[in-house]
Protein chains: 2
Amino acid sequence: MSFPAAPRLIEVRRHLLKDNDLRARALRQRFRAAGVRVASFVASPGAGKTALLEALLGRLGGCRAAVLVGDLATDNDAQRLARAACGRARVRQISTGTLCHLEARMIEASLEGWPIEQLDLLLIENVGNLVCPSSFDLGEDVRCVLASVTEGEDKPLKYPTIFNSADIAAITKLDLAAAAGCDLPLLRANIDAVRPGMPVFEVSSRTGDGLGPLLAAIAG
Amino acid sequence: MSFPAAPRLIEVRRHLLKDNDLRARALRQRFRAAGVRVASFVASPGAGKTALLEALLGRLGGCRAAVLVGDLATDNDAQRLARAACGRARVRQISTGTLCHLEARMIEASLEGWPIEQLDLLLIENVGNLVCPSSFDLGEDVRCVLASVTEGEDKPLKYPTIFNSADIAAITKLDLAAAAGCDLPLLRANIDAVRPGMPVFEVSSRTGDGLGPLLAAIAG
């Protein structure tokens with residue numbers, strides 16, 4: 001049995017998305033002009049977005065980076081990331097309240113006071129959600145979708161839009177693959193079925209496996 | 001930095017929620033009159049909702065059960081659950097398209113043709129999402145929120161509304177707790193901080209640990 005959204009909600013979503021697209025386009029132009037590369041990360045809650053960013057921040061070398069991190073509540077992730085950055089990257093929390101995704105207007109507002117032309121890389125961690133973030137362009141150059149080995153191999157088939165809206169995929173928690181009984185070739189095949197040819201990186205933030213190639217794809 | 005939803009969206013959400021509440025109330029009266037107990041399950045994608053329902057379906061004994069399962073795309077879960085039920089329970093898929101949660105109108109429509117007065121227990125698996133399902137009453141008697149040991153101990157703090165809207169919590173994938181390095185007392189403390197006194201069950205669908213007490217709480 002299939003259900004479309006109520007007509008009135010669709011109308012309002014269209015209006016919001018158009019506004020978001022215009023703002024995202026302006027952001028993208030601003031990032032290009034400032035010479036800053038922007039990558040966003042989308043995934044389920046608990047797929048390992050913050051752990052991945054912590055691990056990547058430790059590998060940035062001389063790259064001048066900043067992080068925006070979205071959550072409904074708490075600034076736990078911003079605190080974790082600030083610790084991982086050891087003062088080498090600016091970190092700012094975006095609290096969305098009851099909203100289940102980031103929007104371009106939040107990125108705009110959160111950049112206030114940051115001299116983005118002094119940055120090489122801006123990383124954006126979205127709210128943990130495999131549905132709604134797919135509809136909101138944030139002006140990023142590359143969108144990375146995470147699928148952890150503990151989530152089940154069928155997530156790309158069940159949440160196709162978020163995989164379709166991404167540019168690269170990271171299979172996270174590789175160190176747990178055996179314990180979780182994850183069929184990695186099947187997970188890769190399901191990603192490829194939804195988004196043929198999308199680059200896929202197998203990584204473990206805990207052991208560091210695979211982080212180099214992923215960082216190269218993100219940093220461009 | 002905090003962001004409220006846009007005013008126009010709030011207005012439409014209010015309208016939708018009011019409509020949903022009226023439908024949910026009618027559903028609840030109908031379920032009571034028919035003598036059917038209704039439990040719903042909410043969690044992140046990949047937290048183990050379907051695996052838990054598979055395991056519970058195998059333990060129902062003479063209980064006459066049915067399952068409604070929501071997903072954006074595919075009927076993979078309905079197929080899995082139908083196999084697990086071995087013909088002892090009716091299973092029906094609800095495809096939400098782009099919608100990230102179930103609504104009462106979908107439950108209403110999906111019950112068409114089912115003689116619910118012949119059921120003892122109706123199980124509803126929501127779309128994998130820790131945000132929006134919290135706002136939509138489905139007429140259930142008990143809402144069970146799942147938190148898997150692989151997701152990180154802070155999920156209750158970061159997604160408080162879904163834990164607040166639940167009646168019981170199940171900590172899933174207990175067999176992976178050591179491999180994932182999960183601090184179970186901390187996870188329990190975080191659940192209790194958000195929803196003091198909520199019953200919490202530690203379970204493994206793989207080994208069967210803890211399923212008996214959880215099933216007793218669900219079946220009422």
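This passage describes a predicted model, moving from the sheet of chain A to the relation between the chains and then to a helix of chain B.

A good place to begin is the open sheet of chain A, which has 7 strands in the order β3-β2-β4-β1-β5-β6-β7, paired in the parallel sense. Strands β3 (89–95) and β7 (200–202) of chain A form its edges; each has a single partner strand, so one side of each is left without a neighbour in the sheet. From one strand to the next, the twist averages 20°.

Within this sheet, strand β1 (residues 37–42) of chain A pairs with strand β5 (residues 142–148) of chain A over 4 bridges, again in the parallel sense. Here Ser40(A) stands opposite Arg143(A) of β5(A). Strand β5 of chain A is also crossed by a helix: α8 (residues 184–194) of chain A lies across β5, β6 (168–172) and β7 of that chain, and runs at about 160° to β6(A).

Turning to the pair of chains, chain A is superposed on chain B by a rotation of 180° with 0.0 Å of shift along its axis, at an RMSD of 0.0 Å. This is the relation of a two-fold axis. Of the interface residues of chain A, 100% are also interface residues in chain B, so the copies meet through the same surface.

Finally, helix α2 (residues 49–57) of chain B is largely enclosed by the rest of the structure, because 7 of its 9 residues are buried, that is, under 20% relative accessible area. The buried residues of α2(B) are Lys49(B), Thr50(B), Leu52(B), Leu53(B), Ala55(B), Leu56(B) and Leu57(B).

Terms used. Residues numbered from 1 in each chain as written. Chains lettered and ligands numbered in written order. Predicted model: local features only at pLDDT ≥ 70, side-chain atom pairs only at ≥ 80, totals over all residues. Heavy atoms only, no water. Pairing = 2+ DSSP bridges. Helix = DSSP H or I, 4+ residues; strand = E, 2+ residues; numbered from the N terminus. Axes fitted to C-alpha atoms, helices over the stretch in contact; angles between N-to-C directions. Contact = heavy atoms within 4.5 Å. Least-squares fit on C-alpha atoms with pLDDT ≥ 70 in both. Buried < 20%, exposed > 50% of the residue type's maximum accessible area, 1.4 Å probe, protein only.
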